[in-house]
Amino acid sequence: MTTTKPQLHKSVRTLLWVILDAVLINVSMILSQIIRYADPVIPEEFFAIYLRIAPAMTVFTLIVLALFGIYRIMWQYASAEDLIRLAL
């Protein structure tokens with residue numbers, strides 16, 4: 001008896017990766033400000049700036065990731081050549 005893993009449709013899987021990336025992009029921007037000020041409380045004026053630029057930065061980063069083909073690569077079969085192509 002063989003069991004198979006349930007497979008998500010490719011577009012659903014890609015959508016989940018995009019959502020995860022959007023969350024991680026914003027978490028990284030907030031963490032960078034926390035590290036910058038060495039305090040868990042970001043000054044209000046800088047947080048207001050973050051709120052203004054976050055949507056544009058998120059969309060820009062997701063577009064760049066898509067242009068580099070990040071969402072088309074099958075990571076379980078990725079090779080060193082794929083890694084070099086992404087790094088360049």
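In this predicted model, Met-29 makes contacts with residues well outside its own stretch of sequence. Leaving aside neighbours within four places in sequence, Met-29 is in contact with Tyr-50, Ala-54, Met-57 and Thr-58. Met-29 itself is found in helix H1. The C-alpha atoms of Met-29 and Tyr-50 lie 8.1 Å apart, although 21 residues separate the two in sequence. The relative accessibility of Met-29 is 15%. Residues under 20% count as buried, so Met-29 is classed as buried.

Leu-62 gives a second example. Its place is in helix H2. Not counting residues up to four places away in sequence, Leu-62 touches Val-18, Asp-21, Ala-22, Ile-25 and Tyr-71. Leu-62 and Val-18 are 44 residues apart in sequence, yet 7.2 Å apart in space, C-alpha to C-alpha. With a relative accessibility of 16%, Leu-62 also counts as buried.

Met-29 and Leu-62 both belong to the largest nonpolar core. This core has seven residues. The other members are Ala-22, Ile-25, Tyr-50, Ala-54 and Tyr-71. Helix H1, residues 10–37, supplies at least two residues of the core, and so does H2. In soluble globular proteins, nonpolar side chains tend to be buried together.

The aromatic rings were examined next. Two aromatic pairs were found. In one of them, the ring centres of Tyr-37 and Phe-46 are 5.2 Å apart. Their planes meet at 35°, so this pair is tilted. Tyr-37 is partly exposed, with a relative accessible area of 23%. Phe-46 is partly exposed too, at 29% relative accessibility. The other pair is formed by Phe-47 and Tyr-50, and it is tilted as well. Here the distance is 5.6 Å centre to centre, with 35° between the planes. Phe-47 and Tyr-50 are three residues apart in helix H2, which spans residues 44–67, so about one helical turn separates them. Their accessibilities fall into two classes. Phe-47 counts as partly exposed at 33%, whereas Tyr-50 counts as buried at 12%. Tyr-50 thus appears in an aromatic pair, in the largest nonpolar core and among the contacts of Met-29.

A charged residue also takes part in this region. Arg-36 lies over the face of Phe-46, at 5.3 Å from the ring centre. Phe-46 therefore has Tyr-37 as its ring partner and Arg-36 over its face.

The chain as a whole was then considered. Its secondary structure comes to three helices and zero strands. From the N terminus on, the elements run α-α-α. Of the 88 residues, 18% count as buried. The accessible surface comes to about 7,400 Å². Carbon and sulfur atoms account for 71% of that surface. Among contacts with a separation of 6 or more, 47% join residues 24 or more positions apart. The contact between Leu-62 and Val-18 spans 44 residues in sequence.

Confidence varies along the chain. The average pLDDT is 81, and 76% of the residues score at least 70. Confidence is highest in H2, at a mean of 92. It is lowest in helix H3, residues 80–87, at a mean of 70. Leu-62 is located in helix H2, as are Phe-47 and Tyr-50.

Definitions and conventions:
Residues are numbered from 1 along each chain as its sequence is written. This is a predicted model: local features need pLDDT of at least 70, side-chain atom pairs count only at pLDDT 80 or more; totals for chains, interfaces and linings use all residues. Side-chain values use heavy atoms; hydrogens and water are left out. Rings of Phe, Tyr and Trp (its six-membered ring) pair if their centres lie within 6.5 Å; planes under 30 degrees apart count as stacked, over 60 as edge-to-face and the rest as tilted. Buried means under 20% relative accessible area, exposed over 50%, partly exposed in between (1.4 Å probe, protein chains only). Helices (H or I, at least four residues) and strands (E, at least two) are DSSP runs, numbered from the N terminus. A charge sits over a ring if NZ of Lys or CZ of Arg is within 6 Å of the ring centre and within 35 degrees of the ring normal. A nonpolar core is a set of buried Ala, Val, Leu, Ile, Met, Phe, Trp, Tyr and Cys residues joined through side-chain atoms within 4.5 Å. Contact means heavy atoms within 4.5 Å. pLDDT is the predictor's confidence in each residue, from 0 to 100. Accessible areas come from the Shrake-Rupley method with a 1.4 Å probe; for residues, only the protein chains shown count as cover.
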